[in-house]
Amino acid sequence: MRDTETLHAWDRRYFWHPFTQMQDYGDDDPWIIERAEGNYLYDMEGRRCLDAIASLWCNVHGHRHPRLDAALVEQLGKVAHSTALGASHPPAIRLAKALVEITPASLRHCFFSEDGAEAVEVAIKMAAQYWGNLGRPEKRLFLTLDNAYHGDTVGAVSVGGFPLFHGIYGHLLFPTLRLPSPYVLQWDACSGNPERATAAWLTTLESILKNQGGEIAALILEGGVQGAAGMLPFPPGILAGAQRLCQTYEVLLIVDEVATGFGRSGKLFACEWESVEPDLLALGKGLSGGYLPVAATLAAEHVFAAFLAPFGESRQFYYGHTYTANPLACAVALENLALFAEGAVLAALPDKIARLQAGLRRFSGQSWAGEVRQFGLMAAIPLRDPGTGAAYAYGDRVEYAVCRRARAMGVYSRPLGDLITVVPPLSVTATEIDTILSVLYAAMAEGRY
Ligand SMILES: *Cc1c(COP(=O)(O)O)cnc(C)c1O
(Lines give C-alpha, C1' and ligand atoms only; values in the text may rest on other atoms or scores of the structure.)
Protein backbone atom coordinates (compact mmCIF):
# COMPACT_ATOMS: atom_id res chain seq x y z
CA MET A 1 0.00 0.00 0.00
CA ARG A 2 3.03 2.29 0.44
CA ASP A 3 2.03 5.73 1.72
CA THR A 4 -1.27 6.03 -0.14
CA GLU A 5 -3.42 6.08 2.99
CA THR A 6 -1.25 8.69 4.68
CA LEU A 7 -1.48 10.88 1.60
CA HIS A 8 -5.26 10.48 1.48
CA ALA A 9 -5.46 11.60 5.09
CA TRP A 10 -3.17 14.61 4.54
CA ASP A 11 -5.04 15.45 1.36
CA ARG A 12 -8.35 15.79 3.24
CA ARG A 13 -6.77 17.59 6.13
CA TYR A 14 -4.47 20.15 4.51
CA PHE A 15 -5.23 20.54 0.83
CA TRP A 16 -8.28 22.75 0.23
CA HIS A 17 -9.33 21.74 -3.29
CA PRO A 18 -10.77 24.06 -5.96
CA PHE A 19 -14.52 23.93 -6.68
CA THR A 20 -14.80 21.14 -4.08
CA GLN A 21 -17.04 20.63 -1.05
CA MET A 22 -14.35 19.61 1.43
CA GLN A 23 -16.87 18.16 3.88
CA ASP A 24 -17.52 15.30 1.45
CA TYR A 25 -14.13 15.18 -0.17
CA GLY A 26 -12.56 11.83 0.47
CA ASP A 27 -15.82 9.95 1.14
CA ASP A 28 -16.08 8.92 -2.47
CA ASP A 29 -12.66 7.46 -3.19
CA PRO A 30 -10.78 10.52 -4.44
CA TRP A 31 -8.01 9.88 -6.82
CA ILE A 32 -4.34 10.59 -6.30
CA ILE A 33 -2.67 10.58 -9.66
CA GLU A 34 0.98 9.75 -9.36
CA ARG A 35 2.08 9.72 -12.96
CA ALA A 36 0.84 9.76 -16.53
CA GLU A 37 1.92 8.57 -19.94
CA GLY A 38 0.31 9.43 -23.28
CA ASN A 39 -3.46 9.49 -22.87
CA TYR A 40 -3.39 7.58 -19.57
CA LEU A 41 -3.21 8.55 -15.90
CA TYR A 42 -1.90 6.19 -13.20
CA ASP A 43 -2.76 6.26 -9.51
CA MET A 44 -0.56 5.31 -6.56
CA GLU A 45 -1.44 1.63 -6.98
CA GLY A 46 -0.60 1.72 -10.66
CA ARG A 47 -4.24 1.58 -11.78
CA ARG A 48 -4.58 3.08 -15.23
CA CYS A 49 -7.31 5.36 -16.57
CA LEU A 50 -7.87 6.98 -19.95
CA ASP A 51 -7.84 10.75 -19.46
CA ALA A 52 -11.22 11.55 -21.03
CA ILE A 53 -11.17 15.19 -19.86
CA ALA A 54 -7.62 16.08 -20.93
CA SER A 55 -6.77 17.18 -17.38
CA LEU A 56 -9.63 19.70 -17.49
CA TRP A 57 -9.54 20.48 -21.21
CA CYS A 58 -5.90 21.50 -21.46
CA ASN A 59 -3.88 18.46 -22.45
CA VAL A 60 -3.26 18.32 -26.19
CA HIS A 61 -0.63 15.78 -27.27
CA GLY A 62 -0.86 13.43 -24.29
CA HIS A 63 1.09 13.36 -21.05
CA ARG A 64 4.88 13.11 -20.92
CA HIS A 65 5.24 13.83 -24.60
CA PRO A 66 8.97 13.31 -25.34
CA ARG A 67 9.29 16.58 -27.30
CA LEU A 68 7.50 18.69 -24.67
CA ASP A 69 9.49 17.05 -21.86
CA ALA A 70 12.73 17.74 -23.72
CA ALA A 71 11.84 21.40 -24.37
CA LEU A 72 11.16 21.87 -20.67
CA VAL A 73 14.39 20.19 -19.58
CA GLU A 74 16.40 22.19 -22.08
CA GLN A 75 15.01 25.49 -20.81
CA LEU A 76 15.57 24.37 -17.22
CA GLY A 77 19.25 24.17 -18.06
CA LYS A 78 19.20 27.88 -18.91
CA VAL A 79 16.85 29.72 -16.54
CA ALA A 80 13.61 28.71 -14.78
CA HIS A 81 12.33 32.21 -14.25
CA SER A 82 13.20 35.85 -14.68
CA THR A 83 10.83 38.81 -14.82
CA ALA A 84 9.15 40.11 -17.96
CA LEU A 85 8.55 43.57 -16.47
CA GLY A 86 10.71 45.75 -18.68
CA ALA A 87 13.04 42.81 -19.46
CA SER A 88 12.80 39.83 -21.79
CA HIS A 89 13.96 36.32 -22.60
CA PRO A 90 14.13 34.21 -25.78
CA PRO A 91 11.23 31.76 -25.18
CA ALA A 92 8.69 34.56 -24.57
CA ILE A 93 9.94 36.61 -27.52
CA ARG A 94 9.69 33.61 -29.85
CA LEU A 95 6.30 32.58 -28.46
CA ALA A 96 4.83 36.07 -28.86
CA LYS A 97 5.96 36.13 -32.50
CA ALA A 98 4.65 32.61 -33.15
CA LEU A 99 1.25 33.39 -31.62
CA VAL A 100 0.85 36.56 -33.68
CA GLU A 101 1.70 34.54 -36.80
CA ILE A 102 -0.82 31.73 -36.22
CA THR A 103 -3.79 33.65 -34.78
CA PRO A 104 -6.26 35.64 -36.97
CA ALA A 105 -4.52 38.34 -39.01
CA SER A 106 -6.03 41.27 -37.06
CA LEU A 107 -3.99 40.30 -34.01
CA ARG A 108 -0.48 41.81 -33.96
CA HIS A 109 0.71 41.87 -30.33
CA CYS A 110 0.79 39.33 -27.51
CA PHE A 111 0.42 39.99 -23.76
CA PHE A 112 1.18 37.06 -21.45
CA SER A 113 -0.44 35.96 -18.21
CA GLU A 114 -0.85 32.68 -16.34
CA ASP A 115 -4.41 31.33 -16.62
CA GLY A 116 -7.45 31.66 -18.79
CA ALA A 117 -9.32 33.89 -16.33
CA GLU A 118 -6.36 36.23 -16.35
CA ALA A 119 -6.19 36.34 -20.15
CA VAL A 120 -9.81 37.54 -19.94
CA GLU A 121 -9.06 40.04 -17.15
CA VAL A 122 -6.28 41.45 -19.31
CA ALA A 123 -8.66 41.79 -22.27
CA ILE A 124 -11.24 43.56 -20.09
CA LYS A 125 -8.71 46.00 -18.68
CA MET A 126 -7.20 46.63 -22.11
CA ALA A 127 -10.63 47.36 -23.58
CA ALA A 128 -11.50 49.69 -20.71
CA GLN A 129 -8.21 51.58 -20.86
CA TYR A 130 -8.27 51.65 -24.67
CA TRP A 131 -11.35 53.90 -24.67
CA GLY A 132 -9.94 56.01 -21.85
CA ASN A 133 -6.70 56.48 -23.75
CA LEU A 134 -8.67 57.52 -26.83
CA GLY A 135 -10.50 60.19 -24.82
CA ARG A 136 -13.81 58.33 -24.74
CA PRO A 137 -14.11 57.29 -21.09
CA GLU A 138 -17.90 57.07 -21.36
CA LYS A 139 -17.46 53.80 -23.26
CA ARG A 140 -17.16 51.67 -20.16
CA LEU A 141 -19.86 49.00 -20.25
CA PHE A 142 -19.26 45.38 -21.21
CA LEU A 143 -21.74 43.38 -23.21
CA THR A 144 -21.84 39.69 -22.26
CA LEU A 145 -24.00 36.58 -22.66
CA ASP A 146 -26.21 34.61 -20.34
CA ASN A 147 -24.47 31.29 -19.53
CA ALA A 148 -21.05 32.70 -20.38
CA TYR A 149 -18.02 31.39 -18.53
CA HIS A 150 -14.78 33.34 -18.68
CA GLY A 151 -13.05 32.16 -15.50
CA ASP A 152 -13.55 32.67 -11.78
CA THR A 153 -11.65 35.83 -10.84
CA VAL A 154 -13.77 38.88 -10.02
CA GLY A 155 -13.47 40.55 -13.42
CA ALA A 156 -13.98 37.30 -15.31
CA VAL A 157 -17.04 36.48 -13.19
CA SER A 158 -18.43 39.96 -13.87
CA VAL A 159 -18.52 39.25 -17.60
CA GLY A 160 -19.72 35.69 -16.99
CA GLY A 161 -23.36 34.66 -16.85
CA PHE A 162 -23.55 31.98 -14.18
CA PRO A 163 -26.41 32.68 -11.74
CA LEU A 164 -24.63 30.63 -9.04
CA PHE A 165 -21.51 32.83 -9.12
CA HIS A 166 -23.55 36.01 -9.43
CA GLY A 167 -25.62 34.97 -6.41
CA ILE A 168 -22.59 34.38 -4.21
CA TYR A 169 -20.28 37.16 -5.41
CA GLY A 170 -22.79 39.58 -6.95
CA HIS A 171 -21.88 42.46 -4.66
CA LEU A 172 -18.28 42.32 -5.87
CA LEU A 173 -19.03 42.44 -9.57
CA PHE A 174 -19.19 45.34 -12.01
CA PRO A 175 -22.45 45.80 -13.93
CA THR A 176 -22.75 44.50 -17.49
CA LEU A 177 -25.28 44.45 -20.30
CA ARG A 178 -26.47 40.99 -21.19
CA LEU A 179 -27.58 39.18 -24.32
CA PRO A 180 -29.34 35.81 -24.45
CA SER A 181 -27.33 32.62 -24.87
CA PRO A 182 -27.52 31.82 -28.62
CA TYR A 183 -28.03 28.11 -27.89
CA VAL A 184 -30.87 28.74 -25.46
CA LEU A 185 -32.46 31.16 -27.91
CA GLN A 186 -32.22 28.56 -30.68
CA TRP A 187 -33.85 25.79 -28.67
CA ASP A 188 -36.33 27.74 -26.54
CA ALA A 189 -37.62 30.44 -28.86
CA CYS A 190 -36.67 29.33 -32.38
CA SER A 191 -37.73 25.65 -32.44
CA GLY A 192 -34.12 24.61 -32.96
CA ASN A 193 -33.85 26.55 -36.22
CA PRO A 194 -30.27 27.87 -36.42
CA GLU A 195 -30.84 30.60 -39.05
CA ARG A 196 -33.76 32.07 -37.14
CA ALA A 197 -31.81 31.98 -33.89
CA THR A 198 -28.81 33.75 -35.38
CA ALA A 199 -31.03 36.37 -37.01
CA ALA A 200 -32.95 36.97 -33.76
CA TRP A 201 -29.78 37.16 -31.70
CA LEU A 202 -28.13 39.62 -34.10
CA THR A 203 -31.27 41.78 -34.14
CA THR A 204 -31.13 42.01 -30.35
CA LEU A 205 -27.42 42.79 -30.46
CA GLU A 206 -27.93 45.50 -33.05
CA SER A 207 -30.70 47.20 -31.11
CA ILE A 208 -28.49 47.34 -27.99
CA LEU A 209 -25.54 48.66 -29.99
CA LYS A 210 -27.75 51.24 -31.69
CA ASN A 211 -29.14 52.52 -28.40
CA GLN A 212 -26.16 52.16 -26.10
CA GLY A 213 -23.11 51.58 -28.32
CA GLY A 214 -21.72 54.94 -27.24
CA GLU A 215 -21.38 53.60 -23.68
CA ILE A 216 -20.14 50.11 -24.56
CA ALA A 217 -16.43 49.26 -24.48
CA ALA A 218 -16.58 45.69 -25.74
CA LEU A 219 -18.62 42.59 -26.45
CA ILE A 220 -17.12 39.36 -25.11
CA LEU A 221 -17.98 35.96 -26.59
CA GLU A 222 -16.65 32.44 -26.21
CA GLY A 223 -15.26 30.88 -29.38
CA GLY A 224 -18.41 29.30 -30.79
CA VAL A 225 -19.51 27.21 -27.81
CA GLN A 226 -20.45 27.98 -24.22
CA GLY A 227 -18.26 25.25 -22.77
CA ALA A 228 -18.54 25.45 -19.01
CA ALA A 229 -22.30 26.11 -19.23
CA GLY A 230 -22.64 22.66 -20.75
CA MET A 231 -21.16 22.59 -24.26
CA LEU A 232 -23.81 24.83 -25.79
CA PRO A 233 -22.73 25.45 -29.41
CA PHE A 234 -23.63 28.72 -31.12
CA PRO A 235 -25.68 28.43 -34.30
CA PRO A 236 -23.53 29.42 -37.32
CA GLY A 237 -23.13 33.12 -38.03
CA ILE A 238 -23.07 34.42 -34.45
CA LEU A 239 -19.37 35.22 -34.31
CA ALA A 240 -19.14 36.66 -37.84
CA GLY A 241 -22.34 38.69 -37.36
CA ALA A 242 -21.12 39.98 -34.01
CA GLN A 243 -17.86 41.11 -35.58
CA ARG A 244 -19.68 42.98 -38.36
CA LEU A 245 -21.98 44.79 -35.90
CA CYS A 246 -19.16 45.60 -33.47
CA GLN A 247 -17.23 47.25 -36.30
CA THR A 248 -20.27 49.24 -37.40
CA TYR A 249 -20.99 50.55 -33.89
CA GLU A 250 -17.36 50.99 -32.75
CA VAL A 251 -17.36 48.39 -30.03
CA LEU A 252 -14.38 46.10 -29.44
CA LEU A 253 -14.90 42.37 -29.96
CA ILE A 254 -13.19 40.11 -27.42
CA VAL A 255 -13.21 36.41 -28.28
CA ASP A 256 -12.41 33.99 -25.46
CA GLU A 257 -10.79 30.92 -27.02
CA VAL A 258 -9.38 29.62 -23.76
CA ALA A 259 -11.39 26.40 -24.25
CA THR A 260 -11.72 26.31 -28.05
CA GLY A 261 -8.16 27.27 -29.03
CA PHE A 262 -5.44 24.84 -30.06
CA GLY A 263 -7.44 22.40 -32.11
CA ARG A 264 -10.42 21.68 -29.88
CA SER A 265 -12.91 22.92 -32.52
CA GLY A 266 -11.25 21.00 -35.36
CA LYS A 267 -9.27 24.02 -36.51
CA LEU A 268 -6.35 25.60 -34.70
CA PHE A 269 -8.67 28.45 -33.55
CA ALA A 270 -12.46 28.40 -33.65
CA CYS A 271 -12.43 31.95 -35.10
CA GLU A 272 -11.20 30.38 -38.35
CA TRP A 273 -14.59 28.70 -38.99
CA GLU A 274 -16.17 32.08 -39.74
CA SER A 275 -12.99 34.01 -40.61
CA VAL A 276 -13.44 36.16 -37.53
CA GLU A 277 -10.73 38.66 -36.70
CA PRO A 278 -11.36 39.95 -33.18
CA ASP A 279 -9.81 43.02 -31.57
CA LEU A 280 -8.74 40.94 -28.57
CA LEU A 281 -8.34 37.18 -28.23
CA ALA A 282 -7.91 35.30 -24.95
CA LEU A 283 -5.96 32.01 -24.99
CA GLY A 284 -5.05 29.60 -22.20
CA LYS A 285 -5.68 25.92 -21.48
CA GLY A 286 -4.00 24.18 -24.45
CA LEU A 287 -1.35 26.87 -25.00
CA SER A 288 1.36 24.91 -23.19
CA GLY A 289 -0.03 21.57 -24.37
CA GLY A 290 -1.44 21.14 -20.87
CA TYR A 291 1.94 21.34 -19.13
CA LEU A 292 2.32 24.66 -17.34
CA PRO A 293 0.25 27.75 -16.57
CA VAL A 294 0.68 30.25 -19.35
CA ALA A 295 -2.06 32.28 -21.04
CA ALA A 296 -2.08 35.04 -23.61
CA THR A 297 -4.18 37.98 -24.76
CA LEU A 298 -3.62 38.88 -28.39
CA ALA A 299 -4.39 42.46 -29.42
CA ALA A 300 -5.08 44.20 -32.73
CA GLU A 301 -2.77 46.97 -33.93
CA HIS A 302 -5.22 49.77 -33.10
CA VAL A 303 -5.59 48.49 -29.54
CA PHE A 304 -1.83 48.36 -29.02
CA ALA A 305 -1.36 51.77 -30.64
CA ALA A 306 -3.78 53.42 -28.20
CA PHE A 307 -1.35 52.63 -25.38
CA LEU A 308 1.64 54.32 -27.03
CA ALA A 309 2.55 57.75 -25.66
CA PRO A 310 5.41 59.53 -23.91
CA PHE A 311 6.07 57.83 -20.57
CA GLY A 312 4.76 60.69 -18.45
CA GLU A 313 1.28 60.46 -19.95
CA SER A 314 0.67 57.17 -18.08
CA ARG A 315 -0.96 55.41 -20.98
CA GLN A 316 0.99 52.18 -20.56
CA PHE A 317 -0.92 49.06 -19.63
CA TYR A 318 -0.71 48.70 -15.86
CA TYR A 319 -0.73 44.96 -15.48
CA GLY A 320 1.79 42.17 -14.88
CA HIS A 321 2.49 39.46 -12.37
CA THR A 322 5.57 37.96 -10.77
CA TYR A 323 5.54 34.92 -13.05
CA THR A 324 4.21 36.58 -16.22
CA ALA A 325 5.70 34.90 -19.32
CA ASN A 326 7.52 32.25 -17.30
CA PRO A 327 10.37 30.92 -19.49
CA LEU A 328 9.69 27.22 -18.76
CA ALA A 329 6.03 27.58 -19.71
CA CYS A 330 6.90 29.60 -22.83
CA ALA A 331 9.49 27.02 -23.94
CA VAL A 332 6.95 24.18 -23.68
CA ALA A 333 4.30 26.30 -25.43
CA LEU A 334 6.71 26.91 -28.32
CA GLU A 335 7.27 23.19 -28.72
CA ASN A 336 3.49 22.66 -28.56
CA LEU A 337 3.14 25.08 -31.49
CA ALA A 338 5.97 23.30 -33.33
CA LEU A 339 4.00 20.04 -33.02
CA PHE A 340 0.91 21.75 -34.47
CA ALA A 341 2.99 23.30 -37.27
CA GLU A 342 3.94 19.83 -38.53
CA GLY A 343 0.29 19.41 -39.53
CA ALA A 344 -0.50 15.82 -38.53
CA VAL A 345 -2.34 16.76 -35.33
CA LEU A 346 -4.89 18.97 -37.09
CA ALA A 347 -5.12 16.66 -40.12
CA ALA A 348 -6.20 13.78 -37.88
CA LEU A 349 -8.99 15.76 -36.20
CA PRO A 350 -11.87 15.45 -38.71
CA ASP A 351 -11.82 11.64 -38.43
CA LYS A 352 -11.66 11.76 -34.63
CA ILE A 353 -14.51 14.28 -34.45
CA ALA A 354 -16.61 12.12 -36.81
CA ARG A 355 -15.82 9.04 -34.72
CA LEU A 356 -16.97 10.85 -31.58
CA GLN A 357 -20.14 12.01 -33.32
CA ALA A 358 -20.97 8.51 -34.58
CA GLY A 359 -20.27 6.97 -31.18
CA LEU A 360 -22.48 9.47 -29.38
CA ARG A 361 -25.55 8.31 -31.35
CA ARG A 362 -26.07 5.32 -29.10
CA PHE A 363 -26.95 7.68 -26.23
CA SER A 364 -29.88 9.34 -27.95
CA GLY A 365 -33.27 7.98 -27.03
CA GLN A 366 -32.01 6.33 -23.83
CA SER A 367 -34.26 6.98 -20.84
CA TRP A 368 -31.23 7.93 -18.70
CA ALA A 369 -29.73 10.43 -21.17
CA GLY A 370 -30.80 13.83 -22.47
CA GLU A 371 -29.91 15.48 -25.77
CA VAL A 372 -26.20 14.96 -26.47
CA ARG A 373 -24.16 18.02 -27.44
CA GLN A 374 -20.91 18.13 -29.35
CA PHE A 375 -18.52 20.81 -30.52
CA GLY A 376 -15.41 19.51 -32.28
CA LEU A 377 -13.56 17.14 -30.00
CA MET A 378 -15.68 17.96 -26.97
CA ALA A 379 -19.03 16.50 -25.98
CA ALA A 380 -21.48 16.34 -23.11
CA ILE A 381 -24.15 13.78 -22.32
CA PRO A 382 -26.85 14.98 -19.90
CA LEU A 383 -27.70 12.41 -17.23
CA ARG A 384 -31.43 12.00 -16.66
CA ASP A 385 -33.55 10.28 -14.04
CA PRO A 386 -35.38 7.68 -16.15
CA GLY A 387 -38.31 7.88 -13.74
CA THR A 388 -39.00 11.55 -14.38
CA GLY A 389 -36.97 12.30 -17.53
CA ALA A 390 -35.52 15.30 -15.68
CA ALA A 391 -32.08 15.96 -14.24
CA TYR A 392 -31.46 14.58 -10.78
CA ALA A 393 -31.81 17.11 -7.96
CA TYR A 394 -28.74 19.30 -7.40
CA GLY A 395 -26.81 17.68 -4.60
CA ASP A 396 -27.83 14.10 -5.33
CA ARG A 397 -24.44 13.65 -6.92
CA VAL A 398 -25.59 10.83 -9.16
CA GLU A 399 -23.24 12.21 -11.84
CA TYR A 400 -20.32 11.67 -9.50
CA ALA A 401 -21.39 8.07 -8.94
CA VAL A 402 -21.47 7.55 -12.72
CA CYS A 403 -17.95 8.96 -13.08
CA ARG A 404 -16.71 6.76 -10.23
CA ARG A 405 -18.09 3.70 -11.99
CA ALA A 406 -16.44 4.81 -15.23
CA ARG A 407 -13.16 5.21 -13.41
CA ALA A 408 -13.42 1.66 -12.07
CA MET A 409 -13.76 0.62 -15.71
CA GLY A 410 -10.67 2.58 -16.73
CA VAL A 411 -12.02 5.93 -17.99
CA TYR A 412 -11.55 9.19 -16.12
CA SER A 413 -14.31 11.75 -16.70
CA ARG A 414 -15.78 14.49 -14.56
CA PRO A 415 -19.31 15.77 -14.32
CA LEU A 416 -20.18 19.31 -15.27
CA GLY A 417 -23.48 19.97 -13.52
CA ASP A 418 -25.74 17.17 -14.77
CA LEU A 419 -23.47 16.41 -17.73
CA ILE A 420 -21.00 13.62 -18.27
CA THR A 421 -18.23 15.18 -20.33
CA VAL A 422 -15.89 13.87 -23.03
CA VAL A 423 -12.99 16.24 -23.75
CA PRO A 424 -10.03 13.97 -24.51
CA PRO A 425 -6.52 15.07 -25.48
CA LEU A 426 -6.29 15.65 -29.24
CA SER A 427 -3.90 12.69 -29.26
CA VAL A 428 -6.77 10.32 -28.38
CA THR A 429 -7.01 7.44 -30.87
CA ALA A 430 -10.16 6.19 -32.62
CA THR A 431 -10.09 3.05 -30.48
CA GLU A 432 -9.75 5.11 -27.33
CA ILE A 433 -12.75 7.25 -28.35
CA ASP A 434 -14.76 4.03 -28.70
CA THR A 435 -13.55 2.85 -25.29
CA ILE A 436 -14.47 6.14 -23.60
CA LEU A 437 -17.98 6.04 -25.05
CA SER A 438 -18.67 2.38 -24.31
CA VAL A 439 -17.46 2.77 -20.72
CA LEU A 440 -19.54 5.91 -20.17
CA TYR A 441 -22.54 4.17 -21.71
CA ALA A 442 -22.16 1.23 -19.33
CA ALA A 443 -21.61 3.53 -16.34
CA MET A 444 -24.65 5.65 -17.17
CA ALA A 445 -26.96 2.76 -18.06
CA GLU A 446 -26.05 1.03 -14.83
CA GLY A 447 -27.23 4.13 -12.99
CA ARG A 448 -30.93 3.27 -13.32
CA TYR A 449 -31.63 3.05 -9.63
C1 LIG B 1 -11.53 27.42 -18.56
C2 LIG B 1 -11.99 28.67 -19.19
C3 LIG B 1 -11.57 29.92 -18.70
C4 LIG B 1 -10.75 30.07 -17.46
O5 LIG B 1 -9.49 29.51 -17.60
P6 LIG B 1 -8.66 29.18 -16.25
O7 LIG B 1 -7.32 28.77 -16.77
O8 LIG B 1 -9.39 28.09 -15.56
O9 LIG B 1 -8.61 30.43 -15.45
C10 LIG B 1 -11.97 31.04 -19.39
N11 LIG B 1 -12.74 30.96 -20.47
C12 LIG B 1 -13.17 29.79 -20.97
C13 LIG B 1 -14.00 29.77 -22.20
C14 LIG B 1 -12.83 28.59 -20.34
O15 LIG B 1 -13.27 27.43 -20.80
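Is Glu342 buried or exposed in this predicted model? With a relative accessible area of 52%, Glu342 counts as exposed, and the views below place this residue and others in their surroundings.

**View 1. The salt bridge between Glu342 and Arg67 in the predicted model.** The closest N and O atoms of Glu342 and Arg67 are 2.9 Å apart. Because Glu342 belongs to the loop between α12 (327-341) and α13 (344-347), while Arg67 belongs to helix α3 (residues 66-76), the pair ties together parts that lie 275 residues apart in sequence. Whereas Glu342 is exposed, Arg67 is partly exposed, its relative accessible area being 31%.

**View 2. The open sheet of seven strands and its edges.** The strands follow one another in the order β4-β12-β11-β10-β7-β5-β6, and their pairing is mixed. Strands β4 (107-113) and β6 (177-179) stand at the edges with a single partner strand each, so that one side of each has no neighbour in the sheet. On average, and with direction ignored, neighbouring strands of this sheet are turned by 20 degrees against each other.

**View 3. The pairing of strands β5 and β7.** Strand β5 (residues 141-145) runs in the parallel sense to strand β7 (residues 216-222), with which it pairs over three bridges. Within this pairing, Phe142 stands opposite Ala218 in β7.

**View 4. Helices α4 and α10 packed on the sheet.** Helix α4 (residues 90-102) touches β4, β11 (280-283) and β12 (295-300), and the direction of α4 makes about 135 degrees with that of β4. Helix α10 (residues 238-248) touches β7 and β10 (252-256), and the direction of α10 makes about 170 degrees with that of β7.

**View 5. A salt bridge within helix α4, between Lys97 and Glu101.** The closest N and O atoms of Lys97 and Glu101 are 2.8 Å apart, and the two residues, both in helix α4, are separated by four residues, or about one turn of the helix. Lys97 is exposed, as is Glu101.

**View 6. Further salt bridges, among the 14 that the structure holds.** The side chains of Arg136 and Glu138 meet in a salt bridge with an N to O distance of 3.9 Å. Arg136 is partly exposed, with a relative accessible area of 26%, and Glu138, at 41% relative accessibility, likewise counts as partly exposed. Elsewhere in the chain numbering, Asp43, Glu45 and Arg47 are linked in a network of salt bridges.

Note on methods. Residues numbered from 1 in each chain as written. Predicted model: local features only at pLDDT ≥ 70, side-chain atom pairs only at ≥ 80, totals over all residues. Heavy atoms only, no water. Pairing = 2+ DSSP bridges. Axes fitted to C-alpha atoms, helices over the stretch in contact; angles between N-to-C directions. Contact = heavy atoms within 4.5 Å. Salt bridge = Lys/Arg side-chain N within 4 Å of Asp/Glu carboxyl O. Buried < 20%, exposed > 50% of the residue type's maximum accessible area, 1.4 Å probe, protein only.
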